[in-house]
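Colleague: Could you walk me through this model and tell me how each label was earned?
Modeller: Gladly, here it is.

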Amino acid sequence: MKAEIINMLINIGCQLDSNAFPVIKNGGIVVPGTSTIFPLDPGKEYKHATRKERRSTATSSWGRTSPWQPSTQGSFITWSPGGPRPTGETTSVFVSGICKQYGTEMSLVKVAYPGTQVWASDAGIWLIAESGLLPGVFPKFNFVVGIDFVSGHVRGWCFQGNHVIGYEWIGPRHTNFPDGSICAYDPRDRTWVLGDPLVVLLDLYTLWAFRHLHLRAIGRWPGAQSIPHVYERILELNDDEHCGCENSQLPYKKCCKTLDSRQPLLREAIRFTLEMTGGIRKPPRKIIDFIRERSDPPSIGALTALT
């Protein structure tokens, strides 16, 4: 990797360590932002759940230069899994409104993420969008995103590569159990809910992918993260990364590492394995086939049951 890319990774990583957000430009290019500090609490993996990565939705995403604005909800009803769900005739009106809204937004998505491919139905949409992350990074990163309009469920997976050299899944850190989907925010925290702009969702995924690139090149995850399981912290955290205990901005070495090392390792490993569906994370076969072939997307209705 070129020295200038390494320098950009270090620069932006230092921003994230200070809880400052970078700017995301068209093409999913991440550049250093201002010194503005936003609340931040990302990265808890669950079985199909995540932790929030908070940002202001009143302005463009982290200073984004794309010409989009948050869409007007009008009579649409926004909700997130775990909250009151529309039923009966209200559901039909809601789904119809979301279809219309996101159909209108596609032109903005394709400006922010050129080349985005879309497979749409009355029940939901699949997207494959490409993100460059940093100038000179090759191959690019690809997001496979499924959105179920009826249930409100959203899943995203990230792969680096192209059709010539193939695709490598990005994980397992900060992906969900067991399907290896992106863990960039918690839907229960309403960071992004059905009805919010699609560009915002892709920006959240882009920043998540940037952190993975930083991890690969620099050897550490930049910024705050949430890893509540002792065994997972022992397995994954480096001494100089933010501790994942949610109660500290200290490095792991100066926070929970000593206490974690005193816990019975076998007990913690068994607990982690039982709670996290065997502790295995990997993308479903249907998602791998979809990113390779760019045809026959999985059923939206089966989004939460892909294996």
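What follows is a set of questions about the labels, with their answers.

Modeller: This is a predicted model, where local features need pLDDT of at least 70, side-chain atom pairs count only at pLDDT 80 or more, and totals for chains, interfaces and linings use all residues. Residues are numbered from 1 along each chain as its sequence is written, and side-chain values use heavy atoms, with hydrogens and water left out.

Colleague: How do you know how many helices and strands there are in the protein?
Modeller: They are DSSP runs, numbered from the N terminus: H or I over at least four residues for a helix, E over at least two for a strand. That gives seven helices and seven strands, in the order α-β-β-α-β-β-β-β-β-α-α-α-α-α along the sequence.

Colleague: What makes Phe290 buried or exposed?
Modeller: Buried means under 20% relative accessible area, exposed over 50%, and partly exposed in between, with a 1.4 Å probe and protein chains only. Phe290 has 1%, so Phe290 is buried. In the protein, 52% of the 307 residues are buried.

Colleague: How many aromatic pairs does a search of the whole structure find?
Modeller: Six. Rings of Phe, Tyr and Trp (its six-membered ring) pair if their centres lie within 6.5 Å; planes under 30 degrees apart count as stacked, over 60 as edge-to-face and the rest as tilted.

Colleague: What makes the pair of Trp119 and Phe290 stacked, tilted or edge-to-face?
Modeller: The centres are 4.8 Å apart and the planes meet at 70°, hence edge-to-face. This pair links distant parts of the chain, with Trp119 in strand β3 (residues 117-120) and Phe290 in helix α7, 171 residues apart. Ring pairs also join Trp119, Trp126 and Phe290 into a cluster.

Colleague: And why is the pair of Tyr231 and Phe272 called tilted?
Modeller: Its ring centres are 5.8 Å apart and its planes are at 50°, so the pair is tilted. Tyr231 belongs to helix α4 (residues 230-236) and Phe272 to helix α6 (residues 265-275), so parts 41 residues apart in sequence are tied together. Phe272 counts as buried because its relative accessibility is 5%.

Colleague: What makes the nonpolar surface patch?
Modeller: Phe138, Val164 and Ile165 make it, with about 370 Å². Patches take residues with over 30% relative accessible area and no salt bridge, joining like charges within 9 Å and nonpolar side chains (Val, Leu, Ile, Met, Phe, Trp, Tyr) within 5 Å. A salt bridge is a side-chain nitrogen of Lys or Arg within 4 Å of a carboxyl oxygen of Asp or Glu. Areas come from the Shrake-Rupley method with a 1.4 Å probe, and for residues only the protein chains shown count as cover. Val164 has 64% relative accessible area, so Val164 is exposed; Val164 sits in the loop between β6 (154-162) and β7 (166-169).

Colleague: Which peptide bond is cis in the loop between β7 and α3 (198-218)?
Modeller: One of them joins Gly171 and Pro172, with omega about 5°. Another runs from Phe177 to Pro178, with omega near -5°, and Pro178 also lies in the loop between β7 and α3. Most peptide bonds are trans.

Colleague: What is the phi of Arg294?
Modeller: Near 55°, a positive value in a residue other than glycine. Asp296 has a positive phi too, near 50°. Most residues other than glycine have a negative phi. Arg294 has 23% relative accessible area, so Arg294 is partly exposed, while Asp296 has 68%, so Asp296 is exposed.
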